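Open the model in your viewer and keep the selection panel at hand. The stops below go from a pocket to its aromatic neighbours.

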Amino acid sequence: MPHRARCASTFAYACAAVAASVWLLRDAFVPRLVAALKSGGGDCVINWLGARAWQKGLDIYSPAGLKWAGLASFGHPPTTPLWYLPFTPYDIFDLTQIYGHFLLLILFIHLVLVASELCAPLPLVTGLLAYALVMDTQWWVYHVTMLQLSEPIALLYVLGWLCLRRDHDIACGILLGLACSMKLYAGLLVLLLLVGRRWRGAIAVVAVYR
């Protein structure tokens, strides 16, 4: 393709992608996600209560700890609440706002990194378009409403994948170990390291989680 035609097609794609992104974000963010950010519930709040219990010297798994937190059970690993210690000075509403907007930011970073690594045209614009498409889905609104941990774990997955593509096995293992400390299901990717005989990466996962 001649240079001038390639520039014209790239410009047309950029304009169309940005216009579509703005339209989708206006439809998704304002009426739906703003409401989701006012929910004040979900995984984040449970772990925030666990972090506050830890600060008070309470065992969140004990009857006394559960009673103090007003929870029927606490189903996350003991390491999960440690991620929420920086948020303990805030009330539930502030926590929801801070963590909810954090989810929006890391989703964008996640998608731009993937677009760039896969050599998509104009990675920033392509990432923005993918971001807008995800933001307009009901499952993402639910994710934000429940303040779940899946997106931070997904970002760690992506960073680990980037490390593996560059043969940085130990760095990948460290990232997966951090993901395991959020939720144990993240450890399933250790099987990928074992099958690929990435022994240093698998050892790094175990070392970080322990």
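How do the residues of the lining of the largest pocket divide into nonpolar, polar and charged? This is a predicted model, and in it the lining has 12 nonpolar residues, no polar and no charged.

Select that lining now: Trp83, Tyr84, Phe87, Tyr99, Phe102, Ile106, Leu149, Pro152, Leu155, Leu156, Leu159 and Met182. Two elements, helix 4 (92-117) and helix 7 (150-165), each give two or more residues to the lining of this pocket. Helix 7 supplies the largest share, 4 residues. The volume of the largest pocket is about 180 Å³.

Next, keep Tyr84, Phe87, Tyr99 and Phe102 selected; ring pairs link them into a cluster. The model has a count of 7 aromatic pairs. In one of them, the ring centres of Tyr99 and Phe102 lie 6.1 Å apart with the planes at 45°, so the pair is tilted. Both residues sit in helix 4, 3 residues apart, separated by about one helical turn. Colour by accessibility here: Tyr99 counts as buried at 3% relative accessibility, whereas Phe102, at 37%, counts as partly exposed.

Then select Phe108 and Tyr131. Their ring centres are 5.4 Å apart and their planes stand at 75°, so this pair is edge-to-face. Phe108 belongs to helix 4 and Tyr131 to helix 5 (residues 123-135); at 23 residues apart, the pair links distant parts of the chain. Which of the two is buried, Phe108 or Tyr131? Tyr131 is, with a relative accessible area of 10%, while Phe108 counts as partly exposed at 25% relative accessibility.

Notes:
Residues numbered from 1 in each chain as written. Predicted model: local features only at pLDDT ≥ 70, side-chain atom pairs only at ≥ 80, totals over all residues. Heavy atoms only, no water. 1 Å grid on protein atoms, 1.4 Å probe; cavity = no way out; pocket = protein on both sides within 12 Å on 5 of 7 lines; lining within 4 Å. Points joined across faces, edges and corners; volume = space filled by probe spheres on them. Nonpolar A, V, L, I, M, F, W, Y, C, P; charged D, E, K, R; others polar. Phe/Tyr/Trp six-rings, centres within 6.5 Å; stacked < 30°, edge-to-face > 60°. Buried < 20%, exposed > 50% of the residue type's maximum accessible area, 1.4 Å probe, protein only.
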